[in-house]
Amino acid sequence: MSMTDLLKAEEIKKALEAFVGVTFDPKKFFELVGMKAMSAEKVKKVFQVLDVDGSGFIEEEELKFVLKGFSEEGRDLTDSETTAFLKAADKDGDGKIGIDEFETMVHE
């Protein structure tokens with residue numbers, strides 16, 4: 001399954017463009033790309049696409065490249081953006097984002 005099976009390509013492009021040269025804000029990005037309006041089940045499918053190694057978690061190394069999971073044109077997150085994203089989503093403090101933590105962050 002690819003991201004464009006779950007989200008509209010034009011919304012992905014627009015959301016990615018909104019963060020060129022600007023600090024990445026995951027909550028704003030999820031809203032722009034249309035994920036806030038998605039069911040929890042669909043958000044979890046997006047998570048599975050982003051979980052490149054299939055571990056059931058998005059680890060810090062995967063998180064750095066999370067925008068590439070939405071589109072090849074997506075930029076890498078900076079170290080500070082990656083750290084801030086992880087800190088905002090990792091509610092149990094295990095250093096990675098689980099599927100339920102991801103879904104909660106999207107719908108907050």
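The exercises below work through parts of this predicted model, each with a solution in steps.

Residues are numbered from 1 along each chain as its sequence is written. Because the model is predicted, local features need pLDDT of at least 70 and side-chain atom pairs count only at pLDDT 80 or more, while totals for chains, interfaces and linings use all residues, and side-chain values use heavy atoms, with hydrogens and water left out.

**Exercise 1. Describe the surroundings of Glu 101, beginning with the helix in which Glu 101 lies.**

Step 1. Glu 101 belongs to helix H7, residues 99–107, where helices (H or I, at least four residues) and strands (E, at least two) are DSSP runs numbered from the N terminus.

Step 2. Glu 101 is buried and yet has no salt bridge, for the nearest side chain of opposite charge, that of Lys 91, is 8.1 Å away. Buried means under 20% relative accessible area, exposed over 50%, and partly exposed in between, with a 1.4 Å probe and protein chains only. A salt bridge is a side-chain nitrogen of Lys or Arg within 4 Å of a carboxyl oxygen of Asp or Glu, and in counting charge Lys and Arg are positive, Asp and Glu negative, with His and the chain ends not counted.

Step 3. Turning to the backbone, a polar atom of the Glu 101 side chain lies 2.9 Å from the backbone nitrogen of Lys 91, and the backbone nitrogen of Asp 92 lies 3.1 Å from a polar atom of that side chain.

Step 4. Once neighbours within four places in sequence are set aside, Glu 101 is in contact (heavy atoms within 4.5 Å) with Ala 89, Asp 90, Lys 91, Asp 92 and Lys 96.

**Exercise 2. Which positions does UniProt list for "binding site", and where do Asp 94 and Lys 96 lie?**

Step 1. The unreviewed UniProt entry lists Asp 51, Asp 53, Ser 55, Phe 57, Glu 62, Asp 90, Asp 92, Asp 94, Lys 96 and Glu 101; such annotations are given in the numbering used here, with feature names shortened, and may be inferred rather than shown by experiment.

Step 2. Asp 94 is found in the loop between helix H6 (79–89) and strand S2 (96–98), and counts as partly exposed because its relative accessibility is 35%.

Step 3. Lys 96 is found in strand S2 and, at 25% relative accessibility, also counts as partly exposed. Apart from neighbours within four places in sequence, Lys 96 is in contact with Phe 57, Ile 58, Glu 59, Leu 86, Asp 90 and Glu 101.

**Exercise 3. Name the buried residues of H7 and the elements against which they pack.**

Step 1. The buried residues of H7 are Glu 101, Phe 102, Glu 103, Met 105 and Val 106.

Step 2. These residues pack against helix H2 (26–32), helix H3 (40–50), strand S1 (57–59), H6 and S2.

Step 3. Asp 100 also lies in H7, but counts as partly exposed because its relative accessibility is 46%.

**Exercise 4. How many aromatic pairs are there, and what is the geometry of Phe 24 with Phe 29?**

Step 1. Rings of Phe, Tyr and Trp (its six-membered ring) pair if their centres lie within 6.5 Å, and planes under 30 degrees apart count as stacked, over 60 as edge-to-face and the rest as tilted; by this rule the count comes to nine aromatic pairs.

Step 2. Phe 24 and Phe 29 form a tilted pair, 5.5 Å centre to centre with 55 degrees between the planes, and both residues are buried.

Definitions and conventions: Polar contact = N/O pair within 3.5 Å; in protein donor to acceptor, adjacent residues only side chain to side chain.
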